[in-house]
Amino acid sequence: MTLRSLFVDFNSYFASVEQHDDEALRGRPVAVAPVAAETTCCIAASYEAKAFGVKTGTMVREARRLCPDIVVVQARPERYVHWHHELMKAIDRAIPVGVPGSIDEVACELVGRQRQRAVAEDVARQVKIEIDKAAPGGAIRCSIGIAPNPWLAKTASDMRKPDGLTVIESSDLPHALHALELRDLCGIGPSMHRRLLEHGIHSVADLTAAPPHLLRHAWGGIEGERMWGLLHGQWLPPAKTTRSSIGHSHVLNPELRTAHGARAVLAKLLAKAAMRLRRDDLLSGALAVHIRFVGHDERWGADLRIDPTDDTRILLHRMNRMNRMLDGPRDRRDALPGPPRATPLSVSVTLHKLVARTQSSGSLFAPLESMRKLDAVVDRINAKYGLNKVYFGSMQTALEHDAAPMRIPFSHIPEAVEHDAEQHPLWLKSMNQAKVLAEGEHRRRERDRQR
């Protein structure tokens, strides 16, 4: 009995929810976009749209070109969160659910007789029946993978879509994985792919044949050895994680791709990060800022050590001064650091070297207690009446264009966010993934344009 994990992955989840809620969309190509703009990317595409080459990360403008009949709908996070909870209840009627890894997937542990292949497959079929009962009509479907560990089960769920069921037993390894591409495996993105190629690993067959020490070197640490274990069917406890940073990034809308627009969005991102520090009773001892530019793969970045703080004013002041980054020469207020005359594409702010407030001895230059109380009042006003009710003037341009929306869950004020789906952590995780895809697509299109 080598099977220990059953992984449920909902197919084209956001688009499927839209098709379930609106029967007129069933059987039609549908894409979901985070905002109503042609320059954003699709965060989901129905299988009817995928048949035309539309996928997650495709620009809306490109999706319309590929599929003129496509229906582009604006994302409705409240519906996706609602159905997430309903579908988790449905799965739980067949097998106890684990901790969801994202809004559209969950790993469940098989126990006892469930680890027998025939019984595990019966459980998977029952999961599909319960989902169909909860969402009749067939618009919401799932693919299920069964394997010795959750990572392999997730990999198996991707092998047959939509509505698939794939089982990988220990005796099937490693050859069951050899038909996959390296980038098909969870945890291997563009940069990791390049590192594997540099280590002479060009295929999944090469990866499964590599010794643990080689993977440790390729990954730059223990995660490489964990990957070796997962590939070979080992059941490993989740890696312990500790929060090491708080950050936000944003792909700039075309109207904000100027020095002034980039600075305004950076200020807003930093204000969001500072609010999260205060929410979690943390202080930051370092600030990092990065800017990507249209048509350039390399990003500009700067990092600054600071006295541990959570004060927005201090952080904004440090950011504005670090390496003369944002103001630039006095005769070039319209310039940003980085490639000359380059157009900014995205910006990011990261606060790291985090320490619990109770573990910091503080600084001689720490803000007065009255200023801390002011921060607390501002946070509570924004949490109760809507984020951005009180804000710094440097954020004004970003606010005018609704850039980098303030969607921070204040866990210690539950009444303010209990019903706000846009602050649901799994929804925010999906949006962060969409930002990465959109940024990469922008860079690819610009490179293609310049060739």
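Trainee: What makes you say that helix α12 lies across β9, β10 and β11?

Mentor: Contact, meaning heavy atoms within 4.5 Å. Helix α12 (residues 312–321) lies across those three strands, running at about 145 degrees to β10. This is a predicted model, where local features need pLDDT of at least 70 and side-chain atom pairs count only at pLDDT 80 or more, while totals for chains, interfaces and linings use all residues. Residues are numbered from 1 along each chain as its sequence is written, and side-chain values use heavy atoms, with hydrogens and water left out.

Trainee: How do you know what counts as a helix or a strand, and where the angles come from?

Mentor: Both are DSSP runs numbered from the N terminus: helices are H or I with at least four residues, strands are E with at least two. Axes are lines fitted to C-alpha atoms, for helices over the stretch in contact, and angles run from 0 to 180 degrees between N-to-C directions. Helix α11 (residues 259–279), for instance, runs at about 25 degrees to β11 and lies across β8, β9 (282–293), β10 and β11.

Trainee: Why are β8 and β11 called paired?

Mentor: Two strands pair if DSSP finds at least two bridges between them. Seven bridges join β8 to β11 (residues 344–356), so they pair, and they run antiparallel. One of the partnerships puts V251 with S346 in β11. Between β9 and β11 there are eleven bridges, again antiparallel, and H290 stands opposite S348 in β11.

Trainee: What makes β8 and β10 edge strands?

Mentor: Each pairs on one side only: that goes for β8 (245–251) and for β10 (300–309). The open sheet has the order β8-β11-β9-β10 with antiparallel pairing, and its twist averages 15 degrees from one strand to the next.

Trainee: How do you know that β2 and β3 pair?

Mentor: Strand β2 (residues 30–33) shares two bridges with β3 in the antiparallel sense, so the pair meets the DSSP requirement for pairing. A31 stands opposite A45 in β3. They belong to a three-stranded open sheet, β3-β2-β4, with mixed pairing. Its edges are β3 (44–45) and β4 (71–74).

Trainee: Why is helix α6 called mostly covered?

Mentor: Buried means under 20% relative accessible area, exposed over 50%, and partly exposed in between (1.4 Å probe, protein chains only). Seven of the eight residues in α6 (residues 150–157) are buried, so "mostly covered" fits. Among them are W151 and L152. The buried residues pack against β1 (5–10), β5 (105–109), β6 (142–147), β7 (165–167) and α10 (222–231).

Trainee: How do you know that N149 caps α6?

Mentor: A side-chain oxygen of N149 lies 3.2 Å from the backbone nitrogen of W151, at the N-terminal end of α6. A polar contact is a pair of N or O atoms within 3.5 Å; within protein, one must be able to donate a hydrogen and the other to accept it, and residues adjacent in sequence count only if both atoms are side-chain atoms. The 3.2 Å distance is within that limit, so it fits.

Trainee: What makes a group of residues a nonpolar core?

Mentor: They're buried Ala, Val, Leu, Ile, Met, Phe, Trp, Tyr and Cys residues joined through side-chain atoms within 4.5 Å. In the largest, of 39 residues, V8, F10, Y13, V32, I91 and I146 touch the most other members. Helix α4 gives the most to this core, with six residues. A second, separate core of 34 residues includes A267, F293, L336 and L351.
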